[in-house]
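Work through the following exercises with the sequence and the model open side by side. Each task is followed by a solution that proceeds step by step.

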Amino acid sequence: MVHLGQIRVHPIKSLDAVSIDGCDIADGGGLEWDRRYAIVERTSAPGSETDAVGQYVNGKRERRTHELETTYDLERETVTIRERGAEETNTFHLELDRDCFASWLSSYFGYPVEVVRDDEGGFPDDTDAAGPTVISTGTLEAVASWYDEIETEEMCRRLRPNLVLEAPAFWEDRLYERPGQVVPFEIGGVELQGVNPCQRCVVPTRDPDTGEQTEGFQETFVERREATLPEWASEAWFDHYFRLMVNTTVPDSSWGDSLAVTDPVSVDDVLVDANPAQ
């Protein structure tokens, strides 16, 4: 039986994940704690007449995010951060020390940043399908095998999924249909809707520790993804083959429900019309 093998949340958008045994679905449909915080570039001084923040400081725009190592104590709401390989660490309370944390990050990046918070859905990459992203252990193993020097754990860190199912390779490609429809499924008692295969950005092509580009990563990925696309996958989404992992939405009736590792997964046979605003 397919079941939930890992729950991975990224408390700060673009920084490291932490694996947890269970969590609630937050308002908006994301996982509690996932991307609750984000780092944004500050374009003017706080409190000034033009007080404003700019774009996310994330792996797409700032390669030095890869060189940060973070660990979390979610019960205490703290983050411990350092440059990878450095001995010195700094621990900040994500609320009480948020300004100090932003100052440390500003010094690290070399330009002013702010740490912002959103408890209602966090800061997802896909705002139209803001539920947890889903992939299988078999998929991570298969895609890692396409590269000589990338192990399964590293591939997981490159792809940054939320929910890792104990299932064969590309099993999750069952969880979407043609555009305009979603695939209802349940994990434990939580209802989710599979929307589309995730369109990948530049981040998976980089070493997650250094930010260095892996030569030929995207070309190999596209070639092998097309060659191994299972018969149950809806090809309507594949204008290109740099897509992997499933974006979801969560009906508001399941907001506040809980997920736990080992929860069974079941797929509804009846498709429904998509409703991204749900």
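The exercises below treat the domains, a helix, two loop residues, a strand residue and the cysteines.

The structure is a predicted model, in which local features need pLDDT of at least 70 and side-chain atom pairs count only at pLDDT 80 or more, while totals for chains, interfaces and linings use all residues. Residues are numbered from 1 along each chain as its sequence is written, and side-chain values use heavy atoms, with hydrogens and water left out.

**Exercise 1. Describe the interface of domain 1 and domain 2, including its area and its salt bridge.**

Step 1. The domain assignment, which is automatic or taken from a database, gives domain 1 as 3–8 + 124–271 and domain 2 as 37–117. Their centres, taken over C-alpha atoms, are 28 Å apart.

Step 2. Count the contacts, meaning heavy atoms within 4.5 Å: twelve residues of domain 1 are in contact with six residues of domain 2.

Step 3. The size of an interface is often given as the accessible area lost when the parts come together. Here the buried area (the accessible area, with a 1.4 Å probe, that two parts lose on being put together, summed over both) is about 770 Å², and carbon and sulfur atoms give 46% of that area.

Step 4. Applying the salt-bridge rule (a side-chain nitrogen of Lys or Arg within 4 Å of a carboxyl oxygen of Asp or Glu) across this interface finds one salt bridge. Arginine 84 forms a salt bridge with aspartate 209, with the closest N and O atoms 3.5 Å apart.

**Exercise 2. Establish which residues of helix H2 are buried, and what covers them.**

Step 1. Helices (H or I, at least four residues) and strands (E, at least two) are DSSP runs, numbered from the N terminus; helix H2 spans residues 137–144.

Step 2. Buried means under 20% relative accessible area, exposed over 50%, and partly exposed in between, with a 1.4 Å probe and protein chains only. Seven of the eight residues of H2 are buried, namely Thr137, Gly138, Thr139, Leu140, Ala142, Val143 and Ala144.

Step 3. The cover over these buried residues includes strands S10 (134–136), S11 (163–166) and S14 (243–249), together with helices H3 (152–159) and H4 (217–228).

**Exercise 3. Characterise the surroundings of lysine 13 and asparagine 162.**

Step 1. Lysine 13 lies in the loop between strand S1 (3–9) and strand S2 (18–20), and asparagine 162 in the loop between H3 and S11.

Step 2. Lysine 13 is buried, because its relative accessible area is 3%; asparagine 162 is likewise buried, with a relative accessible area of 3%.

Step 3. Leaving out residues up to four places away in sequence, lysine 13 touches Arg35, Tyr37, Ala38, Tyr56, Phe123, Pro124 and Asp125. With its neighbours within four places set aside, asparagine 162 has contacts that include Gln6, Arg8, His10, Asp34 and Pro132.

**Exercise 4. Locate asparagine 90 and list what it touches.**

Step 1. Asparagine 90 lies in strand S8, residues 90–93.

Step 2. Not counting residues up to four places away in sequence, asparagine 90 touches Val79, Thr80, Ile81 and Trp104.

**Exercise 5. Explain why cysteine 156 has no disulfide partner.**

Step 1. A disulfide is a pair of cysteine sulfur atoms within 2.5 Å, and a search of the whole structure finds zero disulfides.

Step 2. The sulfur of cysteine 156 is 13 Å from the closest cysteine sulfur, that of cysteine 198, and therefore too far away for a bond.

Step 3. Cysteine 156 counts as buried at 5% relative accessibility, whereas cysteine 100 is partly exposed at 48%.
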